[in-house]
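Please open the model in your viewer and keep the sequence panel visible beside it. The tour below moves from one selection to the next and says what is to be found at each stop.

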Amino acid sequence: MKKKLVFATNNLHKLQEITKIAGKDFEIVSLSDINCHDDIPETADTLEGNALQKAHYIKEQYGYDCFADDTGLEVEALDNAPGVYSARYAGSGHDAEANMNKLLSEMQGKKNRKARFRTVIALILDEKEYLFDGIIKGDIIEEKKGSAGFGYDPIFMPEGYTQTFAELGDEIKNNISHRALAVNKLVSFLSNLSE
């Protein structure tokens, strides 16, 4: 029987990405699947804090074992900004285009283009907390390239590749991304529990 886990997200892209990575042993359900349409607070100043805040909210309000993630793009030349504010870097609207444009304008003239994507997943299972993280390093390129993916994918080129996440496409991205690394740790942990 498949394990049922709530993934505390309304982001369809993330849900599809994680469902593909998690494979057939798990039934991943979204917030709308459990009829949760709340605006879950994300007021912590770290990725770990936000992920835990979201997971605890679902457990407390709805009673489900749950996992939540928070992801940030950390750019070396900008003192690791936008970091925890990545989704709302250019304002509260979660506008990916505006976020990318703001980042590209702040990077103008900077020689150091190093950046990393970091995902933290918080799992609440049987009243216990677990954290899993994934990091992928790369560079911020000077102009957008590619149409796949979402968020900052068109301007992030992972180390060892000559294309952005948005050019590489889902199949490659889902094998190498920060989210894939964190989800694989989560899946491996859950698989070991069920053996």
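Which residue in strand 3 is the bridge partner of Val6? It is Cys66, and selecting this pair is a convenient way into a model that, it should be said at once, is predicted. The pair belongs to the pairing of strand 1, residues 3–7, with strand 3, in which the two strands run parallel and are joined by two bridges.

**Strand 3**

Select residues 66–75 next, which make up strand 3. Ten of the ten residues of this strand are buried, and the cover extends to both of its faces. If you colour one side, you will have Cys66, Ala68, Asp70, Gly72 and Glu74, while the other side holds Phe67, Asp69, Thr71, Leu73 and Val75.

Now extend the selection to strand 4, residues 81–83, which runs antiparallel to strand 3 and is joined to it by three bridges. Within this pairing, Val75 has Ala81 of strand 4 as its bridge partner. The hairpin formed by strand 3 and strand 4 has five residues between the strands, and there Asp79 takes a positive phi near 55°.

**A stop at Thr71**

Keep strand 3 on the screen and centre the view on Thr71, which is found in that strand. Is Thr71 buried or exposed? Its relative accessibility is 15%, and because buried means under 20%, Thr71 counts as buried.

Show the side chains around Thr71, and look for two polar contacts made by its own side chain: one with the side chain of Thr119, at 2.7 Å, and one with the side chain of Arg179, at 3.4 Å. When neighbours within four places in sequence are left aside, the residues in contact with Thr71 are Leu47, Gly83, Ser86, Phe117, Arg118, Thr119, His178 and Arg179.

**Strands 5, 6 and 7**

Move on to strand 5, residues 114–125, where ten of the twelve residues are buried. Strand 5 pairs with strand 3 in the antiparallel sense over ten bridges, and two places along this pairing can be picked out by name: Phe67 stands opposite Leu123, and Gly72 stands opposite Arg118.

Strand 5 also pairs with strand 6, again in the antiparallel sense, over twelve bridges. Here Arg118 stands opposite Ile135 of strand 6, whereas the bridge partner of Ile124 in strand 6 is Glu129. Between these two strands lie the two residues of their hairpin, in which Asp126 takes a positive phi near 50°.

From strand 6, continue to strand 7, residues 156–158, which runs antiparallel to strand 6 and is joined to it by three bridges. At this stop, select Asp139 together with Met157 in strand 7, which stands opposite it.

**The pockets**

Next, switch on a surface and turn to the largest pocket, which has a volume of about 810 Å³. Of the 34 residues that line the largest pocket, those closest to its centre are Asn11, Lys14, Glu42, Ala87 and His94. Which element gives the largest share of this lining? Strand 3 does, with five residues, and helix 3 (96–106) and helix 5 (178–194) are also among the elements that each supply at least two. By class, the lining of the largest pocket has eleven nonpolar, twelve polar and eleven charged residues.

The second largest pocket has a volume of about 150 Å³. To see its lining, select Glu74, Glu76, Asn80, Lys114, Ala115, Arg116, Lys137, Gly138, Asp139 and Glu159. Strand 5 and strand 6 are the elements that give two or more residues to this lining, whose residues divide into one nonpolar, two polar and seven charged.

**The cavity**

For the last stop, hide the surface and look at the largest cavity, where about 40 Å³ of space lies. Select the residues of its lining, namely Leu5, Ile18, Ala22, Phe26, Ile28, Phe67, Val183, Leu186, Val187 and Leu190. Two or more of these residues come from each of helix 1 (12–22), strand 2 (26–29) and helix 5, with helix 5 giving the largest share, four residues. How many nonpolar, polar and charged residues does the lining of the largest cavity have? It has ten nonpolar residues, no polar ones and no charged ones.

Definitions and conventions
Residues are numbered from 1 along each chain as its sequence is written. This is a predicted model: local features need pLDDT of at least 70, side-chain atom pairs count only at pLDDT 80 or more; totals for chains, interfaces and linings use all residues. Side-chain values use heavy atoms; hydrogens and water are left out. Buried means under 20% relative accessible area, exposed over 50%, partly exposed in between (1.4 Å probe, protein chains only). A polar contact is a pair of N or O atoms within 3.5 Å; within protein, one must be able to donate a hydrogen and the other to accept it, and residues adjacent in sequence count only if both atoms are side-chain atoms. Contact means heavy atoms within 4.5 Å. On a 1 Å grid over the protein atoms alone, a cavity is a set of points where a 1.4 Å probe fits but cannot get out, and a pocket is an open set with protein on both sides within 12 Å along at least five of seven lines; lining residues have an atom within 4 Å of a point. Grid points are joined across faces, edges and corners, and a volume is the space filled by probe spheres set on the points. Ala, Val, Leu, Ile, Met, Phe, Trp, Tyr, Cys and Pro count as nonpolar, Asp, Glu, Lys and Arg as charged, and the others, Gly among them, as polar. Two strands pair if DSSP finds at least two bridges between them.
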